[in-house]
Amino acid sequence: MALAHLTSSSRSNLLKPLATVLSYTDSFRRPISTSTDPLTIETSVPFTSHKCEPPSRSVETTPQELISFFRDMATMRRMEIAADSLYKAKLIRGFCHLYDGQEAVAVGMEAAITKKDCIITAYRDHCTFVGRGGTLLEVFSELMGRQAGCSNGKGGSMHFYRKDAGFYGGHGIVGAQVPLGCGLAFAQKYSKGETVTFALYGDGAANQGQLFEALNISALWDLPVILICENNHYGMGTAEWRASKSPAYYKRGDYVPGLKVDGMDALAVKQACKFAKEHVLRNGPIILEMDTYRYHGHSMSDPGSTYRTRDEISGVRQERDPIERIRKVILAHDLATEKELKDFEKEIRKEVDQAIAQAKESPMPEPSELFANVYVKGLGTEAFGADRKEVRAVLP
Amino acid sequence: MLGIIRQKAFAQSLQRIRPATSAWRGYSSAAKEMTVREALNSALDEEMSADPKVFLMGEEVGEYQGAYKISKGLLEKYGPERVLDTPITEAGFTGIGVGAAYYGLKPVVEFMTFNFSMQAIDHIINSAAKSNYMSAGQISVPIVFRGPNGAAAGVGAQHSHCYASWYASCPGLKVLAPYSSEDARGLLKAAIRDPDPVVFLENELLYGESFPVSAEVLDSSFCLPIGKAKIEREGKDVTITAFSKMVGYALKAAEILAKEGISAEVINLRSIRPLDRPTINASVRKTNRLVTVEEGFPQHGVGAEICASVIEDSFGYLDAPVERIAGADVPMPYAANLERMAVPQVEDIARAAKRACYRSVPMAAV
């Protein structure tokens, strides 16, 4: 699991049959379920497949996993909303692309893989980074351009990385991350690890030529790459039907099999990713289309309401919100009470606030950092500041 | 000659200046103000109105009204056949634009920023720039590639690159860089009317800046010549060349220098290719000192070419080594303090000018 939590480790199975009666009684307060006993839950909708047999709708999970889904997604949600406020307060500059609404993809994917598998995505990367083990402090510090940031303040919102946990960024140019992801998969196969790469892209990037070039090569060479199209139905301000002749992105691989997944259902995402990982290790690439939605506009400069209606946005929030879905599952199976879940949310709010406060304390980078990391091996060349006779440095 | 008066109150102007410009002739007493955004919008509008072969394509140019609102109102006025929203596929739509130009149409291809033009650079260079030559004049390419270029504010390494010297090194291309609203109107109109491929480098941070514009500038026939620089401020002690946003910085530096008794001549290049070597050299022959300013990387940059030109043609007239002010030689950092160090500031320009006038000694003397 990506995030540390405070759950206790006692078992609560014995109380399960009585739970319905007791759950409303404070005096019989039982610990939140951290059971790893298997639980099977049906996905909201079945999978639709292209050139392959879809996996079953019945997903194996555990109470512990469901609680962690809730906590992880709630943390991501709170983090993105806090980033919105920080941007409006001008503590975050430049571009800021928020992921709220899409959390189930990041969380479901992590549940199916290990940190030896690789993930690469585009610029909507804050939650993906956190899913890979990135901390809130690193996120907020990087967003505010401080030393404690995951890129020492030099990358910004679109350039988060965590190589030791298999997260390769964080890319600003639409579509570029897909061939890069296929390259990661190439290296994985070359190195004979039994690991795979997930290359994420959006519906806007789905038409990029380089994607098809890399996919063709990946299919020819049987690379263990999973292309995940996070279809939130809008490429900046352009709806999918205005940009793609065929918005059935899971079929766009043509000879490459694909699966369409309810991206707002973390369990469906987990099932699909598990299936995909097994598939690509034997058969080469596969495309997963995650049907998802972003509540915010494309970025903080986009209100998000000139090309879609407020009714549509609130409709998705009401009917398909990923956190609410998990909350319902947890409550229906009596794995925690409503109050306990709300308490989690309060804790998370505090954690986020604390991380922001700490990030604000982190200093801006030292001036010498300007010239750091241009090369791995600088060969003693000189690099210059804006006034080349005033500011220069030797690159080691 | 127009002084540059910037009034912040107008910078967020919501007033729409109508493209039917003869209406302005009546208001001759006060100078009209126009933002660079309005200047570009009105130029596009007028050229599309004048020539049905002109059309606009790019990401979000139509229904979204333009990512930076440069094409606001054009879809409504000219319809979806002439204002086309493209998918996010630069190589594809740029190639399509060049093909349309081969056939005789006059496309204006917008890159949301020139960083994304790298996905399409093969078409700009190999399909557009070289075609007229390779076909001995049969296949001319009357296309304009336009969009914001260079650094913005806090957008990081992949979104801050300046491509002026990249494109300006290629024969067959014309490369323009407007500064003021007058530049924006006159040069964009010239670019659209020009029969050759033109790379038109705008600047995101200038879009909201307001400049006074005369009645002549507002007229729909207004056009500026390609290949001619403008002397924004006359001086006698040192020549400062600049383009785009740096023209404003150079003018500010000139004010500071004037207070210290140094009279700086500021040249707004306007055209990077062709470079106005005669104007630059005539100025240096007058002042005997040169400072080149650009936001892009220094090595093989615009300033390097200007210095070479001056040393080749006016060596005997130089009284001091040439000075180059440019972006720092590192990928653009995100942190605000580092970004400030990576982009030229007014004090850098003033300092270099003083060195050229032997008023100060460089810190890091080699």
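## A tour of chains A and B

Start by selecting residues 71-367 of chain A: the C-alpha atoms at the two ends of this span lie 38 Å apart, and the span is 46% helix and 10% strand. Keep in mind as you go that this is a predicted model. The selection matches a record: an unreviewed UniProt entry annotates residues 71-367 of chain A as "domain: Dehydrogenase E1 component".

Next, turn on a cavity display. The structure holds 10 cavities of 30 Å³ or more, and the largest has a volume of about 270 Å³. Which residues should you pick to centre the view on it? Of the 23 residues in its lining, A:Tyr123, A:Arg124, A:Tyr201, A:Gly202 and A:Asn232 are the closest to the centre.

Now colour the elements around that cavity. Two of them, β5 (197-202) and β7 (234-235) of chain A, each give two or more residues to the lining. β5(A) gives the most, with three residues. Colouring the lining by class will show 10 nonpolar, nine polar and four charged residues.

Then move over to chain B and select strand β5, residues 144-148. Is this strand mostly covered or mostly open? It is mostly covered, with five of its five residues buried.

Add the strands that pair with β5(B). Strand β4 (residues 106-110) of chain B pairs with β5(B) in the parallel sense over three bridges; pick B:Val108 and you will find its bridge partner, B:Val144, in β5(B). Strand β7 (residues 198-202) of chain B also pairs with β5(B) in the parallel sense, over five bridges. To finish, select B:Arg146, whose bridge partner in β7(B) is B:Phe200.

How values were computed. Residues numbered from 1 in each chain as written. Chains lettered and ligands numbered in written order. Predicted model: local features only at pLDDT ≥ 70, side-chain atom pairs only at ≥ 80, totals over all residues. Heavy atoms only, no water. 1 Å grid on protein atoms, 1.4 Å probe; cavity = no way out; pocket = protein on both sides within 12 Å on 5 of 7 lines; lining within 4 Å. Points joined across faces, edges and corners; volume = space filled by probe spheres on them. Helix = DSSP H or I, 4+ residues; strand = E, 2+ residues; numbered from the N terminus. Nonpolar A, V, L, I, M, F, W, Y, C, P; charged D, E, K, R; others polar. UniProt positions renumbered as here; feature names shortened; annotations may be inferred. Buried < 20%, exposed > 50% of the residue type's maximum accessible area, 1.4 Å probe, protein only. Pairing = 2+ DSSP bridges.
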